[in-house]
Amino acid sequence: MNEALKRLEREMTAEGLDALLVTDPKHVYYLTGFASNPHERFLGLLLIRGEEPVLVVPALDAESAHASSSVSSIVTHSDTDDPYSLLKERFGPKLGKLGIEKEHFSVARFELLSSAVQAEGFADIGPLLRRMRAIKSPEEIARMEHAAKLVEEVLSQGLVHVKEGVSEIELVAELEYLMKKLGASGPSFDTMVLSGPNTALPHGVPGSRQIAAGDLLMFDLGVFADGYASDITRTFAVERADSELVRIYDTVLAANEAGIAAAKAGASYGSVDLAARTVIDKAGYGSYFVHRVGHGLGMDTHEYPSLHGLNTDIMESGNVFTVEPGIYVPGIGGVRIEDEVLVEGGGARTLTRFPKGLTVLEL
């Protein structure tokens with residue numbers, strides 16, 4: 001049994017759970033090393049206190065599961081089988097409290113499960129798994145560093161395509177081509193390239209607008225590599241930047257650096273948001289910073305924690321999250337600078353290293 005499963009078993013005992021059923025494919029991968037997309041078919045990891053784990057997979061994934069899973073007991077089901085009868089057989093006629101992932105389990109599947117398995121009660125194990133995933137292992141950190149390097153190379157090569165007449169959506173196409181060419185599984189979210197007044201839209205949608213001199217140009221992109229996500233935002237000036245845009249940029253950069261400096265074990269997640277927000281407030285742009293300062297990052301692009309000012313949860317060594325303050329002024333433009341931050345030792349270090357000083361691109 002690997003370390004993640006051993007920890008889960010300890011947590012399961014502490015929570016008073018007699019058994020667990022893990023069904024989110026990413027959590028199955030996290031706990032066993034077996035990655036798959038079962039589509040509508042049933043995939044589940046069964047843990048019964050004091051027994052060896054059992055992995056239930058569709059028959060067409062049997063070979064892959066045996067090759068990659070750290071769990072040796074693997075049960076398969078065909079398209080004509082009822083997987084819930086397998087659960088009934090494994091869990092037995094009577095079961096105490098069963099832990100499930102409530103956010104992942106549909107009502108239809110829960111009804112099938114509760115009809116097949118006579119548990120005394122059900123508990124949500126989502127928060128437990130999120131707490132576990134929030135502390136990254138050295139192997140996970142290495143994978144995230146690799147994903148960060150990949151996306152930075154994508155951005156570096158993508159900037160070559162910023163030319164007169166090119167549109168936002170054309171740049172998106174170039175970036176996503178480069179992602180796979182350089183070895184990523186694909187984008188970790190919808191790649192964002194915004195220009196000119198569109199940069200004032202924090203979650204704008206790239207379109208046909210062509211890049212022009214005097215624009216701000218914002219890139220927000222990430223990749224999946226080895227099961228882990230990266231996420232970076234950089235904002236550039238095209239040909240020139242007027243004094244107001246330079247002031248906005250410098251303010252966001254100072255806020256980004258203040259947020260990173262506040263990240264350390266023992267401090268609250270909210271303190272990162274407050275440190276960055278204070279810089280922007282003092283510069284007079286507080287009403288134009290309209291979102292939290294960051295989010296957790298790992299197997300998902302957005303995962304626990306949420307870095308907003310009211311989050312009193314405490315940072316621990318091994319946490320990875322983004323720090324991405326922004327200022328968005330309608331009619332003028334917006335700037336966001338985003339880094340991936342790892343809490344370690346007495347502070348934090350960034351996994352993203354792409355230069356952050358204001359860069360002027362020539363058309």
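This is a guided tour of one predicted model, to be followed in a viewer from the N-terminal region onwards.

Because the model is predicted, local features need pLDDT of at least 70 and side-chain atom pairs count only at pLDDT 80 or more, while totals for chains, interfaces and linings use all residues. Residues are numbered from 1 along each chain as its sequence is written, and side-chain values use heavy atoms, with hydrogens and water left out.

**Stop 1: residues 5-135**

Select residues 5-135, where UniProt places the feature "domain: Creatinase N-terminal" in an unreviewed entry. UniProt positions follow the numbering used here, feature names are shortened, and annotations may be inferred rather than shown by experiment. This stretch is 40% helix and 23% strand, with its end C-alpha atoms 14 Å apart. Helices (H or I, at least four residues) and strands (E, at least two) are DSSP runs, numbered from the N terminus.

Next, display the strands β1 to β6. They form an open sheet of six strands in the order β4-β3-β2-β1-β5-β6, and the pairing is mixed; two strands pair if DSSP finds at least two bridges between them. At the edges are β4 (74-77) and β6 (119-124), each of which pairs on one side only. On average, neighbouring strands of this sheet are turned by 20° against each other, direction ignored. Zoom in on β3 (residues 54-58), which runs parallel to β4 and is joined to β4 by four bridges. Val57 has Thr76 of β4 as its bridge partner.

Now add helix α1, which packs on this sheet and touches β1 (19-22) and β2; contact means heavy atoms within 4.5 Å. The direction of α1 makes about 55° with that of β2. Axes are lines fitted to C-alpha atoms, for helices over the stretch in contact, and angles run from 0 to 180 degrees between N-to-C directions.

**Stop 2: helices α1 and α6**

Keep α1 (residues 3-14) and add α6 (residues 126-134); their axes come within 11 Å and cross at roughly 140°. The two helices are therefore oblique to each other: angles under 35 degrees count as roughly parallel, over 145 as roughly antiparallel, 65 to 115 as roughly perpendicular and the rest as oblique. To see the contact, show Ala4, Arg7, Leu8 and Glu11 of α1 together with Leu128, Leu129, Arg131 and Met132 of α6.

**Stop 3: His39**

Move to His39, in the loop between α2 (25-32) and β2 (44-48). Its phi is positive, about 55°, although His39 is not a glycine. Most residues other than glycine have a negative phi, and most peptide bonds are trans. His39 counts as exposed because its relative accessibility is 58%; buried means under 20% relative accessible area, exposed over 50%, and partly exposed in between (1.4 Å probe, protein chains only).

**Stop 4: residues 143-344**

Select residues 143-344, the place that UniProt gives, in an unreviewed entry, for the feature "domain: Peptidase M24". Here the chain is 32% helix and 25% strand, and the end C-alpha atoms are 16 Å apart.

Then display the open sheet of four strands in the order β8-β9-β12-β20, whose pairing is mixed. Its edges are β8 (192-195) and β20 (360-361); each has a single partner strand, so one side of each is left without a neighbour in the sheet. Four bridges pair β8 with β9 (residues 216-221) in the antiparallel sense, and Leu194 stands opposite Met218 in β9. Helix α7 (residues 138-158) packs on the sheet, where α7 touches β9 and β12 (232-238), and its direction makes about 150° with that of β9. Add helix α8 (residues 168-181), which lies across β8 and β9 and runs at about 150° to β8.

Follow the chain to Glu239, in the loop between β12 and α9 (243-262). This residue, which is not a glycine, has a positive phi near 70°. Glu239 counts as partly exposed because its relative accessibility is 31%.

**Stop 5: a cis bond and a hairpin**

Select Tyr304 and Pro305, which are joined by a cis peptide bond with omega of about 5°. Pro305 lies in strand β14 (residues 303-307).

Finish at β16 (residues 326-329) and β17, which run antiparallel and are joined by four bridges. Ile327 stands opposite Val335 in β17. The hairpin of β16 and β17 has three residues between the strands, and Gly331 takes a positive phi near 85°. Which way do the residues of β17 (residues 333-336) point? Gly333 and Val335 point one way, Gly334 and Arg336 the other way, and all are buried. In a regular strand the side chains alternate between the two faces of the sheet.
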